[in-house]
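Work through the following exercises with the sequence and the structure side by side. Each task is followed by a solution that goes step by step.

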Amino acid sequence: MATTNRNGIQCQLLVLGGGIVGLNTALRLQKDFPQAEVTIMAADWGENTVSGVAAGFFRATPSIRGPTPDIAQQWTRESWAHYQHLKVTESPRDTGIIDVREM
């Protein structure tokens with residue numbers, strides 16, 4: 001069943017992948033667009049998903065690229081600020097965000 005947003009436009013969203021990234025994306029989309037129909041599609045579930053042991057790392061490095069260097073820097077700054085905000089306002093148990101010190 002499709003839902004409609006406040007502009008009368010149907011909102012159907014598809015997330016590919018049922019691992020930690022896909023499920024987190026789906027939850028965030030549902031939070032940001034509560035009237036939307038969010039569907040998750042995955043080849044496998046549970047123990048067969050790769051991200052049962054996956055981890056993401058955020059480092060501000062030159063490998064972060066955007067349409068222009070300025071936009072890449074803006075994305076880096078905004079992402080870092082967002083992760084830092086989540087780190088201090090939400091539980092690490094909910095976000096999975098922790099500091100990892102280089103050895």
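**Exercise 1.** Find the residues that form the largest nonpolar core of this predicted model, and then describe the surroundings of V15.

*Solution.* Begin with the core itself, whose five residues are C11, V15, A26, A36 and V38. To belong to such a core a residue has to be buried, which means that its relative accessible area is under 20%. As a general background, nonpolar side chains tend to be buried together in soluble globular proteins. Next, take V15 and leave aside its neighbours within four places in sequence: the residues in contact with V15 are then G22, T25, A26, L29, V38, T39, I40 and M41. Two of the names in this list, A26 and V38, also appear in the core.

**Exercise 2.** Determine which residues make the nonpolar surface patch of about 340 Å², and locate L14 in the secondary structure.

*Solution.* The patch is made by L14, L16 and M41. Looking for L14 along the chain, you find it in strand β2, which covers residues 10–16. M41 belongs to the patch, and M41 is also on the list of contacts of V15.

**Exercise 3.** How many salt bridges does a search of the whole structure find, and how are the partners D32 and R28 placed in the helix?

*Solution.* The search finds one salt bridge. It joins the side chains of D32 and R28, with a distance of 3.1 Å from N to O. Both residues lie in helix α1 (residues 20–32), and because they are four residues apart there, about one helical turn separates them. As for accessibility, D32 counts as partly exposed because its relative accessibility is 40%, and R28 counts as partly exposed too, since its value is 41%.

**Exercise 4.** Describe the chain as a whole, and say where the confidence of the prediction is lowest and where it is highest.

*Solution.* Start with the secondary structure, which comes to three helices and three strands, arranged along the sequence in the pattern β-β-α-β-α-α. Then consider burial and surface: of the 103 residues in the chain, 14% are buried, while the chain exposes about 8700 Å², of which carbon and sulfur atoms supply 56%. Finally, turn to confidence, where the mean pLDDT of the chain is 79 and 78% of the residues reach 70 or more. The lowest confidence is found in strand β1 (residues 3–4), with a mean of 55, and the highest in strand β3 (residues 37–41), with 92.

Terms used. Residues numbered from 1 in each chain as written. Predicted model: local features only at pLDDT ≥ 70, side-chain atom pairs only at ≥ 80, totals over all residues. Heavy atoms only, no water. Helix = DSSP H or I, 4+ residues; strand = E, 2+ residues; numbered from the N terminus. Buried < 20%, exposed > 50% of the residue type's maximum accessible area, 1.4 Å probe, protein only. Areas by Shrake-Rupley, 256 points an atom, 1.4 Å probe, with all protein chains shown as cover. pLDDT = per-residue confidence, 0-100. Patch = residues over 30% accessible without salt bridge, like charges linked within 9 Å, V, L, I, M, F, W, Y side chains within 5 Å. Salt bridge = Lys/Arg side-chain N within 4 Å of Asp/Glu carboxyl O. Core = buried A, V, L, I, M, F, W, Y, C linked by side-chain atoms within 4.5 Å. Contact = heavy atoms within 4.5 Å.
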